[in-house]
Amino acid sequence: MAHLVLRFYTVATVLFSLHSIFSANAFLIKRTLSPASNASLPGNWTYVGCWDDNVNGNGRTLAGSSYADATNMNASACVSFCQGRGYVYAGTEYTDECYCGDALVSTASRQSDSSCSMGCAYNVSEACGGGNLLTVYYANEPTPQGPFVNPGPPGWTSFGCWTDGGIRSLSHSTQVEGGSSNMTVDACTAACASAGYTLAGVEYADECYCDDFLSSSASNTSLTDCNMLCAANSSEFCGAGNRLNLYAAGSAIPAVKPVSKTPPPPAGWASLGCFNDSVGARTLSNAQYLDSMTIEECTSACAKAGYTFAGTEYGGECYCDNAIQNYAALNYGGPAVDGGAGCNMACAGTVNEMCGGPDRLNVYQYNASALPATSTSSSATGTATSGSDNDNNGGNDNAGCYTEGNGGRAFSNQMPDNDTMTVESCIQQCSDLGYTIAAMEYSHQCFCDNYIRNSPSRAPESSCSMACAGNKGEICGAGSILSVYTVGNMTAYINPSTQSGNLPGQWTYMGCLSDADDNRSLPYEIVWETNNTNTACLEQCALFGYNAAGTEYGQQCYCGDVQNVIDAGATLQPESECNMVCSGNQDGNGGHICGGPSRLSYYTWNSTMYDWDFASGVAAGAYEFLIGGPVIPLVTAPARNGKVTYLEKFGTSPANNGTGAYELDLSLLDDFTAAWRPMHVKSDIFCSASLTLPDKVGRQINIGGWANEATYGIRLYWPDGKPGVAGVNDWQENGAELSLLNGRWYPTAMTMANGSILVMGGEVGSNGAAVPTLEVLPSPSGEVIYCDYLDRTDKNNLYPFLAVLPSGGIFVGYDNEARILDPVSLQTKQVLPNMPGAVNNFLGARTYQFSGVMMLMPQYAPYNDYLRVVICGGSVPGPEIALDNCVSIAPDQPNANWTIERMPSKRIMPCMTALPDGTYLILNGAQQGRAGFGLATEPNYNAVLYDPSKPVNFRMTVMANTTVARLYHSEAVLLDDGRVLVSGSDPEDVRAFAPQEYRNEVFMPPYLLSGAPRPSFNLSNLDWSYGQSVTFSITPRATVDTSGYRVSLLGAVSSTHGNSMGQRTYFPTTRCSGTICTVTAPPNANVCPPSWFQMFLLDGNNVPSNATWVRIGGDPAGLGNWPDLPDFDVPGMGAVEAIL
């Protein structure tokens, strides 16, 4: 959230303006904020003052643990949190944040108590710091020494710092009591001791690992490598990334398990070594369930079940088979490439034997001439019958007697051995699990499946000769012979295959590509645990404009660009290494391969998916320095007097030297003092809304503000003067006479078709509660309208996007949602589809704090096409990766839906400016983070030109770069001469890439750099009615054909937080002959709400003239007579008069 320095308060009081709906007058209440009383604090803790925080880039005043709680934060909660973690200082900040430490940073200084003027989230009368201000409490105890390496709790000894990695140095991840947030060395060693282990290791501040032996890959390293503080004890170290603080119990010495301690395999069995394995494709496919895992128990169980291969895994798992199965046979399994390093886990039944490891099998093969005799091999007494003679088989048909498969099991899902098995019990067990085939073997083994596998052969009925273990009168197969029962016909299983054909769009399969967790080949990951397919992955990547895609590990989909693969150094690997079935195909027969472990089934788009031009020279435009500024603006707005108004934080400005408002005269840039006329506001306009009114003088209105009475503020300015001549008018404001019905911070304002002002959304102020309402100015009813959709999506819906639609409805965009309101009732008329977000996260948002920018695309006479809305940029809650796309929709179109277009780079907090030629300039912002103070990184210095006249995905041109970071609180507006004024950046961030920015620049579009002469015109009629034809004259230029000239009309804009309130673009019918032209105004207020417009004349080469301001649609709401109050001047009604 936005953090502010509230240094303008001089007493510990805060004024709140409470507005009565029964009276136009406001009254004030004082609320005194005090720190928590010492008596209310635990132990000997006391209040020690209000201190500044994060000063001059020197980091946090309290640099230990921290947390935030927007509901329950107060001093007692914060002190308890810090005390429980061994700290002696605690501080609350910004209403809901808590910081801990053992000392105050030396650069911090104490401020007046009244400076900490923000109420606690839990108790609004208790001070909880402010923006970059801490309310600090002290335990009155000596500062703990440390941090240090714990020498070991009683009974444990520290053995230093050890490496860790993909193969864990200690293989058993263990939870400590209370969870990872309670991690200490004591907690970890206690948890390992409780689990029976002699070694314990703490890692990454909050992870605990246990074992009796180290893996062979572990090595002792520098003690300084283990430098992360324990999550619940800041005085001791708990490892670091891939580093363990290692401890041993009693007399134990950390060591790799000696090879000599692994006994030889049981008699008749030979060790084949350490093999790879995978849950999705087992090396040995038949699991055994043992009470106590040892090598002897596993090989014995496999022999008893009639298998010649046995494998132990993960310390406690046993697998059997009669052949090495697909995973290993495809060469990824085989003996593991790292030798025996991965088989590093002691058997659950004895620490003196190794039983595989994570995805690793110790494999054994029986090498005697015949399997050992077992108790089930003796002949059954009496006469056994085949299942076909039984009446109680649950409706299953006896399919006959079958051999096992060639190279693998005929049926893959083996149930636990059952010494009381019957035909009926096996069928029932398989049926209960949803299988359609049941097969009995070796008297006590039951197999289930929906398919017949590995091409088994039908065997003579006499081959099924072993009586069922639980019913000597039934036959249950024989050694490697199965009695098979089925519901319906059996279908042969089809092995999954690489999907190289029947691909969507223009995708082509490239091969099996390497990938790595720490260096992804493709950056955007989507996990579909149950429904991943190559087709779905490719369609998703293409939808968001990515030309490279891959599936991995069965359930993962990755999107990106071919360049990402090149940059990662990824290479094609043997096809056998992509061997995992897509999670969306696992319930069916056959299916397709979706990569493997660290392997991508890799696809590329084999035609042009998008085409970004990279302009150079004149075609790229150029940034130029314009003038320094006295303040950092929050709102900029060109006015019809040829100047630009600047509104800034009044009273909360970091420099604290401003008047709240200035006016820039662009004709006096050589004289800094003359160029900037000081103006004045009476309350803080921080994060307010602005518009140009359609009254006859084009007054500017500013609405809402930062906190308390400022949030109710309505401020008006009547532009006067002209270039080179200073005006005398100033902003007018009196909250006692004129105010909003609801206080609003971060609202949006829009001129409706009836000429009234719609005001929507916001918060109470200073990070307060939502204001999920809208109201109209002037208010016809004195009431607000509740908006449930704003309540539901708070806090991601601030500065919502608003636009009047040609149908008469009102478009509203907020968070990642959109709807159309009825223009009369202002209730929802239609809910539109949600806006697409990121390719891997549909929750990507578009309005503050995940700010994108909205523009209305040009409307062309005769205005029969649906109006399109385009929204560019935004960010993803959580990872806060900025969005790299624009989305557009024609809300009035039947079955309207969003179109996605890739941008050349990611942007959060962008600005976008409509240009006279119908194009749009995208600029400013960052590539990571969200809107707010100090919350974004990776400034985006590049400008992009967006041309909606071109096909989708071919509209972007990469333009010139600036050297100035424009982050939070930056603006961009179109000047009358066709340049783009670029201003602001107020991140209040101590990092070098994000300075407070007072410089103003202009972007010079290519049409101003070509050297071509610019057209000019003379217009006397500045006040147009709808549908009116207006004649004007062109300044003659020799031998110039004017028949291709056209007019563009650009709505008067106020720019703040990437929101360009008032923006619209029109290309009306224009006819020129010689030096005389006629232009026809748009037809009605739905197509063109009443407003002021910059009128440009474009020649046949799209070079624009300077603008002349015209009003279209009049003043139907009578704003010229509003507000009729003593402290406000009103221009009245009537015709527009020229001021330039």
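Helices (H or I, at least four residues) and strands (E, at least two) are taken as DSSP runs and numbered from the N terminus. The structure described here is a predicted model, in which local features need pLDDT of at least 70 and side-chain atom pairs count only at pLDDT 80 or more, while totals for chains, interfaces and linings use all residues. Residues are numbered from 1 along each chain as its sequence is written, and side-chain values use heavy atoms, with hydrogens and water left out.

Helix H6 makes a convenient starting point. Just after H6, Gly545 adopts a positive phi of about 85°. Within the helix, which spans residues 534-543, the residues Asn534, Cys537, Leu538 and Cys541 are buried (under 20% relative accessible area, against over 50% for exposed and in between for partly exposed, with a 1.4 Å probe and protein chains only). Viewed down the axis of H6, the buried residues fall within an arc of 95°, so they line one face of the helix; the arc is that of the directions from the helix axis to the C-beta atoms. An α-helix has 3.6 residues a turn, so residues three or four places apart point the same way. The cover over the buried residues of H6 includes strands S32 (507-514), S34 (548-552), S35 (556-560) and S37 (599-605), where contact means heavy atoms within 4.5 Å.

One of these helix residues also takes part in a disulfide, that is, a pair of cysteine sulfur atoms within 2.5 Å. Cys541 is bonded to Cys559, with the sulfur atoms 1.9 Å apart, and the link is left-handed at -80° about the S-S bond. This pair joins helix H6 to strand S35 across 18 residues, and both Cys541 and Cys559 are buried. The whole structure holds 22 disulfides. Among them is that of Cys192 and Cys210, with an S to S distance of 1.9 Å and a left-handed link at -80°. Here helix H2 (residues 185-194) is connected to strand S12 (residues 207-211), the two cysteines being 18 residues apart. By contrast, the disulfide of Cys1072 and Cys1077 is right-handed, with 115° about the S-S bond.

Why does Cys687 not bond with Cys911? The sulfur of Cys687 is 14 Å from that of Cys911, the closest cysteine sulfur, which is too far for a bond. Cys911 is likewise in no disulfide, the nearest cysteine sulfur, in Cys872, being 12 Å away.

Aromatic pairs were counted for rings of Phe, Tyr and Trp (its six-membered ring) with centres within 6.5 Å; planes under 30 degrees apart are stacked, over 60 edge-to-face and the rest tilted. The count comes to 28 aromatic pairs. Phe686 and Trp706 form a tilted pair, at 5.4 Å centre to centre with 35° between the planes. Their loops, between S43 (676-680) and S44 (689-692) for Phe686 and between S45 (700-703) and S46 (714-717) for Trp706, place the partners 20 residues apart. Phe686 is buried, with a relative accessible area of 0%. The rings of Phe686 and Trp745 have centres 5.7 Å apart and planes at 75°, so this pair is edge-to-face. Ring pairs link Phe686, Trp706, Trp745, Tyr746, Tyr799, Tyr848, Phe933 and Tyr968 into a cluster. Lys649 lies over the face of Phe686, at 5.3 Å from the ring centre (NZ of Lys or CZ of Arg within 6 Å of the ring centre and within 35 degrees of the ring normal).
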